[in-house]
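Here are some notes for a colleague who has not yet looked at this structure. They are set out as numbered points.

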Amino acid sequence: MTDKEDLKKEKKGKGKSKVVCGYPISIFFIVVNEFCERFSYYGMRAVLVLYFKYFLQWDDDLATSIYHTFVALCYLTPILGAIVADSWLGKFKTIIYLSVVYAIGQVALAVSAIHDITDSDRDGTPNNMTFHVVLSMVGLFLIALGTGGIKPCVSAFGGDQFADHQERQRRTFFSVFYLCINGGSLLSTIITPILRGQTCGIHTQQKCYALAFGVPAALMVVSLVVFIMGSGMYYKAKPEGNIMMSVCKCIGFAIKNRYRHRSKAHPKREHWMDWAEEKYDKLLIAQIKMVLKVLFLYIPLPMFWTLFDQKGSRWTLQATTMDGNFGQLVIQPDQMQTFNPILILTLVPVMESVIYPLIKKCGFNFTPLKRMTVGMFLAALAFVCAGVVQLQIDKTLPVFPSTSQSQLKLLNMGNKELAVQLPDNVLENLPPAQANEEYFTFTEEEVSISIVTPPLTKTIALTKGLRQTLLIPSDINQEWVLIDDLTSKPEEGNNAIRFVNGLAKDLNVSTSAEDFGIIEPFMSSNYSLLRNGQHTFSLMSGSQSCEYTRKFGFGSSYTFFIPSTFTFGPNCQESITEVEEIQPNTVHMALQVPQYFLITAGEVMFSVTGLEFSYSQAPSNMKAVLQAGWLLTVAVGNFIVLIVAEIAKLPKKVKLEQREASKMLAELSVTRSVSPSILKWAEFFLFASLLVAVCVIFSIMAYFYTYIDPTEIEAQFTEKKEEKDEEEEKDEMKKIEVQMMKRDSIKSNDSDDGFKQSKM
């Protein structure tokens, strides 16, 4: 081939697309499309579990179940997308149609997060939650169908744009394509949690989930528009049939044929797939055997994905009970997932260029299956770390009353010390304008509380399942007021704040974010939720005013008492009493970094190596089958999480029944309640133990696995087929020669008969 011909080939690719720097222009549209689509998907998924918990008001188990059901569907639908593209519509039309479905789903999810649609009483909470749940579920189903359906098509469609002589450019394209996936994931997991943290609304300001879902929806629309813009430049290969269908039909025929010949009269065959030889080519059967050998190794793999995908559910929920203050930077719970794409972009080149070569130099044969085993073990270690972190969190969580208990705190509103006697002769000394530190827990519905000096006894009616504060006025003969406290930590890391007015006149308290309103003498305000950070409170009574500044962390609850001795002025905050009811989150989010590092290192060693191993052990025309099998392991892994989350609900139901029974049988006056979150650490350790067990099974399977070269096996069958074809051709030639000889013989006999007749 001449240099001029080479130059012509470089300037021309497939289809109508022009070539710039050796690359078809059409692939730039595909790369931008992939970046926008991945931003849309991972951005939506980053805040999804918090949307379930805080907007739809589901508990942790239900939120986890629906989240993993959605993820599982996202990894099941690629099989459907591949079959539709290869057998019916082709890749281009499949991407277009399913992207439209995808965009509609994103828009539906964003609309479902607008609380004002059904907030008829304008209190910030939707009044028709069914509408929001149904619309969000429809949206998620359409998203799963869209993102899963186009997943196997986009990368393959991009590869189709290159001609055979552009192998180097094709490899570069796939590298850039993978970079776009991680780049979109990284940016979206940073940006969408920030958007979620904003407040928006027409009548009331709430967390802006609509904006957090709306931006990914807009990016999906942009992705679709960009892809359509390049439609005139694409090379659009016609559908040629799907190899998965052929494989399924061949396996089905082998099973059916084996069942028909199950009697002992028929001789056994070396492999059960050999029963398909009556109908299918031996090469196809050999290729399926190789694929089945790899798929057998896939059986234990779903357990890895069971652990891995919980970083978007259980780990995010864990982060909501932690302190995200990193000095000048405040990390949202759903932003911790950002560590995964950052570490992937860092660890992949480090592993390939440093770790693996170093291990090889040490003389250790670190085969792909050994790498995968180590990756599974690292994921198990990550969950051990998560369990240890959860144990530390549980130590800081308050102990709330059960349904058969009540808890009480005492606040002395006077300016003299009080000696208070509680049931079981418990004596508590209350300093002036102070409250006792810990809550008292009771099982009785009524308790007698006595003041020692001057002597006074009052019977207080408590409410089961509640925490309450008893306001004891300076004149103990006046009415004692009982106010309800929180029985759970404030959601989304907010701080619940209220004020108690000990002055003999009305008090108005406000901040830039909230207005506590006018508080009557010896009464309290309602709780108001404030974000972490510094807040300045303005206290006004008539013409007098002062400002009180306080910095808050995450997830705390405080009551601020304004005593009767309070004086307005620049130093007024010194006389304000602070009563801590729920302490702020003290376990730092930085403790999650080791578990993210271990799970990502495990992903690099397991996932990247697993795909590489699968491709090296499968025939060239069976890559799609293995890709479908690999995605199926991800789906099954998420279904396992779903099953465990559903099982986790059973002990809670039993506890509720036990608590009801304990109302009649309670004998102890003070007991300790068990928080449901205490079970979380056990769940983390359970998953880690299961993965270690699966890791051992997989290592045994890997030990007995024999590596093969599919190209050699295919070549042997090709040679045999060629030899057979040659023999058949020779046999055919011999038959033709015999027929020609017969014809010649007949002709000679006919000429002899004619000669004899003419002579006669």
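**Notes on the predicted model**

1. Ile700 has a relative accessibility of 46% and therefore counts as partly exposed, since that class runs between 20% and 50%. Ile700 is located in helix 16. This is a predicted model, and the points below should be read with that in mind.

2. Ile700 also belongs to a nonpolar patch on the surface, about 850 Å² in area. The other residues of the patch are Phe377, Leu381, Val384, Val388, Val692, Val696, Tyr703 and Phe704. Two or more of the patch residues come from helix 13 (368–396), and likewise from helix 16 (678–703).

3. One open sheet has four strands in the order 9-8-11-12, with antiparallel pairing. Strand 9 (426–430) and strand 12 (456–461) are at the edges; each has a single partner strand, so one side of each has no neighbour in the sheet. From one strand to the next the twist averages 25 degrees. Within this sheet, two bridges pair strand 8 (residues 418–422) with strand 11 (residues 446–451) in the antiparallel sense. Val420 is opposite Ile451 of strand 11.

4. Another open sheet of four strands runs in the order 17-16-19-20, and its pairing is antiparallel. Its edge strands, strand 17 (515–519) and strand 20 (544–552), each pair on one side only. Here the twist from one strand to the next averages 15 degrees. Strand 19 (residues 533–541) and strand 20 are antiparallel and joined by nine bridges. Phe537 faces Tyr548 of strand 20 as its opposite residue.

5. How many disulfides does the structure hold? There are two disulfides, and with bonded cysteines counted along the chain their pattern is 1-2, 3-4.

6. In the disulfide of Cys200 and Cys208, the sulfur atoms are 2.0 Å apart. The torsion about this S-S bond is about 100 degrees, so the disulfide is right-handed. Cys200 is partly exposed at a relative accessible area of 23%, whereas Cys208 is buried at 5%.

7. The sulfur atoms of Cys546 and Cys572 are 2.3 Å apart and form a disulfide. This link is right-handed, with 95 degrees about the S-S bond. Cys546 is in strand 20, while Cys572 is in the loop between strand 21 (557–562) and strand 22 (577–582), so the pair ties together parts 26 residues apart in sequence. Cys546 counts as buried at 7% relative accessibility, and Cys572 counts as buried at 0%.

8. Two further cysteines can be noted for their accessibility. Cys74 is buried, with a relative accessible area of 1%, and Cys250 counts as buried at 0% relative accessibility.

How values were computed: Residues numbered from 1 in each chain as written. Predicted model: local features only at pLDDT ≥ 70, side-chain atom pairs only at ≥ 80, totals over all residues. Heavy atoms only, no water. Patch = residues over 30% accessible without salt bridge, like charges linked within 9 Å, V, L, I, M, F, W, Y side chains within 5 Å. Areas by Shrake-Rupley, 256 points an atom, 1.4 Å probe, with all protein chains shown as cover. Salt bridge = Lys/Arg side-chain N within 4 Å of Asp/Glu carboxyl O. Buried < 20%, exposed > 50% of the residue type's maximum accessible area, 1.4 Å probe, protein only. Pairing = 2+ DSSP bridges. Axes fitted to C-alpha atoms, helices over the stretch in contact; angles between N-to-C directions. Disulfide = S-S within 2.5 Å.
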